[in-house]
Amino acid sequence: MKKGFYKKKDIALLFIRLTVGGILFLNHGLEKLINYKEMLEWFPDPFLIGNIPGFVFAFIADVIGSLLLVLGFKTKIASCLILANLLFALVFVHHFNILEIHGELIVCYLVSLGLLWISGNGKISLDQYFFKPTDSSVQ
């Protein structure tokens, strides 16, 4: 393969990262950044430990995690954070009801993030730029 060309897999992973991370940030991350005071008043508290811990975790996942996905930096860690947040929402907020509004979207996010968690971020990413593997067999 010629230097400077990327495999289809790397382009597909970039597309998934940009789409999932970008949409997640625009729909949920910005909302938490802009309206955090209002959201703290009604944010779910299924474990009865207060709504602040849940909001902080969701904030980290939706704001920081989604931006890390877009950049391709620490994609596996970001995917795990977002996966945990979405599983929490699916179980405790939506009660496994994937037919209600946002339920099917959570499943689509979970599948996409699961793929990123398994495959990594691909070669078009900050991780590849800063932390290039020394062995060509390592991705």
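**Entry 1: a starting question**

Is Phe-96 buried or exposed? I looked this up before anything else, keeping in mind that the model is predicted. Phe-96 turns out to be exposed, because its relative accessible area is 56%, and the cut-off for that word is over 50%. I then placed Phe-96 in the loop between α4 and α5, and I noted that it has a positive phi of about 60° although it is not a glycine.

**Entry 2: the loop around Phe-96**

I stayed in this loop and turned to His-95, which is also found between α4 and α5. His-95 has a positive phi of about 50°, and it is not a glycine either. I wrote down a reminder for myself here: most residues other than glycine have a negative phi. His-95 counts as exposed because its relative accessible area is 58%.

His-94 lies in the loop between α4 (75–93) and α5 (103–119) as well, yet His-94 counts as buried because its relative accessibility is 14%, and buried means under 20%. Which residues does His-94 contact, once its neighbours within four places in sequence are left aside? I found Ala-89, Glu-100, Ile-101, His-102 and Ile-106. For Ile-106 I also looked up the backbone distance, and the C-alpha atoms of His-94 and Ile-106 are separated by 9.6 Å, with the two residues 12 apart along the chain.

His-102, one of the residues in contact with His-94, is found in the loop between α4 and α5 too. At 41% relative accessibility, His-102 counts as partly exposed. Its C-alpha atom is separated by 16 Å from that of Ala-84, which is 18 residues away along the chain.

**Entry 3: the chain as a whole**

After these single residues I stepped back to look at the whole chain. How many helices and strands are there? I found six helices and zero strands, and reading along the sequence gives the pattern α-α-α-α-α-α. The C-alpha atoms fill a box of roughly 55 × 30 × 25 Å, taken along the principal axes.

Of the 139 residues in the chain, 32% are buried. The chain exposes about 8900 Å², and carbon and sulfur atoms supply 71% of that area. When I took the contacts between residues at least 6 apart in sequence, I found that 65% of them join residues at least 24 apart.

**Entry 4: charges and the salt bridge**

I next looked at the charges, and I noted that the mean positions of the 12 positive and 10 negative charges are 20 Å apart. How many salt bridges does a search of the whole structure find? The search finds one. It is formed by Asp-62 with Lys-32, whose closest N and O atoms are 2.7 Å apart. This pair links distant parts of the chain, since Asp-62 is in helix α3 and Lys-32 is in helix α1 (residues 8–34), with their positions 30 residues apart in the numbering. I checked their surroundings as well, and both Asp-62 and Lys-32 are buried.

**Entry 5: two phenylalanines between α2 and α3**

Lys-32 came up again when I looked at Phe-43, which touches Lys-32, Asn-51, Gly-54, Phe-55 and Ala-58, not counting residues up to four places away in sequence. Phe-43 lies in the loop between α2 and α3, and Phe-43 counts as buried because its relative accessibility is 14%. The C-alpha atoms of Phe-43 and Ala-58 are separated by 9.9 Å, and the two residues are 15 apart along the chain.

Phe-47 has its place in the loop between α2 (36–42) and α3 (51–71), but Phe-47 counts as partly exposed because its relative accessibility is 48%. Which residues make a nonpolar surface patch with Phe-47? They are Ile-49, Phe-92 and Val-93, and the patch covers about 380 Å².

**Entry 6: a buried threonine**

My last look was at Thr-75, which is found in helix α4. Thr-75 is buried because its relative accessible area is 2%. Leaving out residues up to four places away in sequence, I listed what Thr-75 touches: Arg-17, Leu-69, Leu-116, Gly-120, Asn-121 and Asp-127.

Definitions and conventions: Residues numbered from 1 in each chain as written. Predicted model: local features only at pLDDT ≥ 70, side-chain atom pairs only at ≥ 80, totals over all residues. Heavy atoms only, no water. Helix = DSSP H or I, 4+ residues; strand = E, 2+ residues; numbered from the N terminus. Buried < 20%, exposed > 50% of the residue type's maximum accessible area, 1.4 Å probe, protein only. Contact = heavy atoms within 4.5 Å. Areas by Shrake-Rupley, 256 points an atom, 1.4 Å probe, with all protein chains shown as cover. Lys, Arg positive; Asp, Glu negative; His and termini not counted. Charge placed at Lys NZ, Arg CZ, Asp CG, Glu CD. Patch = residues over 30% accessible without salt bridge, like charges linked within 9 Å, V, L, I, M, F, W, Y side chains within 5 Å. Salt bridge = Lys/Arg side-chain N within 4 Å of Asp/Glu carboxyl O.
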